[in-house]
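Colleague: I am new to this structure and would love a close look at one part of it. Could you then walk me outward from there to the rest?

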Amino acid sequence: MTQRSTSKNPVRPLALLLSFYLLSVAGVAQITPGAGNILYVDIAKKDVPSHSPTGDSWDNAIPELADALKWAGEEWGTDGAGASWDAGNPLKIYVAKGTYLPLYKAAEINRNNEETTDRDKAFVLVPETQLYGGFDPENNVVSPEDERILPGGAIEAVRVEAGGQEEIQLYPNPALKKATVVLPGNRTGYVQVSNLLGRGLTTAVVTGSAALDVSAWLPGVYMVQVLEEGKVTVKKLVVE
């Protein structure tokens, strides 16, 4: 009497699993900036069948701003060494009209060593990255030269500077007790400081220069935003 083997061949399931993995990877669009180092974001592309969100054109726009910023942050890393952009050739993100919500938390643990929650989701800006809004691709408003949807007082562009010789000065950096913000030419700007979770710590209207008292802040990295004439410069401040 011949006994039939009931053992299963492990090779076939492994091959099927590998095939499924390769198909899955092939179906994921790789984000790549288009000409001019521009990424395109358009919430109208969300849930569009067969859409390829590579971000290199309005047709291939990334639906969520949060995903574009997350990709940029991963590319930049800790020092920008692996990024394809820098101060002389910044990454530009063009954002079409619509409502965009933060999807990711800036950190899993806050500075009080507490686990963060969904309420801590925030947009995290990336060094040497500029954000432009007010585009409307459906009505052929597709470049900064077009008449964009920018209500009075709206921010036309956001730039995050990694450091070096910038126009707006912030020193000393790192800071221990005080840090000074200088707007050359005695200009006036609105200054807001927030932590990496997006929570505001202080705001002020500054003309020329102002000192920030950081003596009570926890050691770490903070974002100093200066709004002037419809544009925002964001600088990182390290508090020791």
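In which strand is L170 found?

Modeller: Happy to help! Please keep in mind that this is a predicted model. L170 is found in strand β5, which covers residues 169-171. L170 counts as buried because its relative accessible area is 13%, and buried means under 20%. What is around L170? Leaving aside neighbours within four places in sequence, L170 is in contact with A179, T180, V181, V224, K235, K236 and L237. One of these partners deserves a second look: V181 is 11 residues away from L170 along the chain, yet the C-alpha atoms of the two are separated by 4.7 Å.

Now step along the chain from L170. The peptide bond from Y171 to P172 is cis, with omega near -15°, and P172 sits in the loop between β5 and β6 (178-182). That loop also holds P174, and the peptide bond leading from N173 to P174 is cis as well, with omega near 15°.

With that part in view, here is the wider setting. The protein chain has 2 helices and 11 strands, and reading along the sequence gives the pattern α-β-α-β-β-β-β-β-β-β-β-β-β. Of its 240 residues, 37% count as buried. Among contacts in the protein chain with a separation of 6 or more, 56% are between residues 24 or more positions apart. The accessible surface of the protein chain is about 14700 Å², and carbon and sulfur atoms account for 52% of that.

Let's turn to helix α2, residues 65-76. Its 12 residues should span 16 Å at 1.5 Å a residue, and the end C-alpha atoms are indeed 16 Å apart, so the two values agree. Several residues of α2 are buried, namely L65, A66, A68, L69, W71, A72 and W76. The cover over these buried residues includes β1 (38-41), β2 and β3. Just after α2 comes G77, which takes a positive phi of about 70°.

Two other residues have a positive phi although neither is a glycine. N37, in the loop between α1 (11-26) and β1, has a phi of about 60°. D47, in the loop between β1 and α2, has a phi of about 65°. Their surroundings can be set side by side: N37 is buried, with a relative accessible area of 11%, whereas D47 is exposed, with a relative accessible area of 73%.

The loop that holds D47 also takes part in a salt bridge. The count of salt bridges comes to 2. One of them pairs K46 with E64, with the closest N and O atoms 3.3 Å apart. Both K46 and E64 lie in the loop between β1 and α2, so this pair ties together parts that are 18 residues apart in sequence. K46 counts as partly exposed because its relative accessibility is 44%, while E64, at 9%, counts as buried.

The side chains of K97 and D136 also meet in a salt bridge, at 3.5 Å from N to O. This pair links distant parts of the chain, with K97 in the loop between β2 and β3, D136 in the loop between β3 and β4 (157-161), and their positions 39 residues apart. K97 is partly exposed at 43% relative accessibility, and D136 is buried at 7%.

Strand β3 itself offers another detail, since T129 is placed there. T129 counts as buried because its relative accessibility is 0%. A polar atom of the T129 side chain lies 3.1 Å from the backbone oxygen of V126.

Finally, return to the loop between β2 (91-96) and β3 (129-135), where L103 is found. L103 counts as partly exposed because its relative accessibility is 33%. Together with L101 and Y104, L103 makes a nonpolar surface patch of about 260 Å². That gives you a contrast with the place where we began: L170 is buried at 13%, whereas L103 is partly exposed at 33%.

Terms used. Residues numbered from 1 in each chain as written. Predicted model: local features only at pLDDT ≥ 70, side-chain atom pairs only at ≥ 80, totals over all residues. Heavy atoms only, no water. Patch = residues over 30% accessible without salt bridge, like charges linked within 9 Å, V, L, I, M, F, W, Y side chains within 5 Å. Areas by Shrake-Rupley, 256 points an atom, 1.4 Å probe, with all protein chains shown as cover. Salt bridge = Lys/Arg side-chain N within 4 Å of Asp/Glu carboxyl O. Helix = DSSP H or I, 4+ residues; strand = E, 2+ residues; numbered from the N terminus. Buried < 20%, exposed > 50% of the residue type's maximum accessible area, 1.4 Å probe, protein only. Contact = heavy atoms within 4.5 Å. Expected span 1.5 Å × (residues − 1). Polar contact = N/O pair within 3.5 Å; in protein donor to acceptor, adjacent residues only side chain to side chain.
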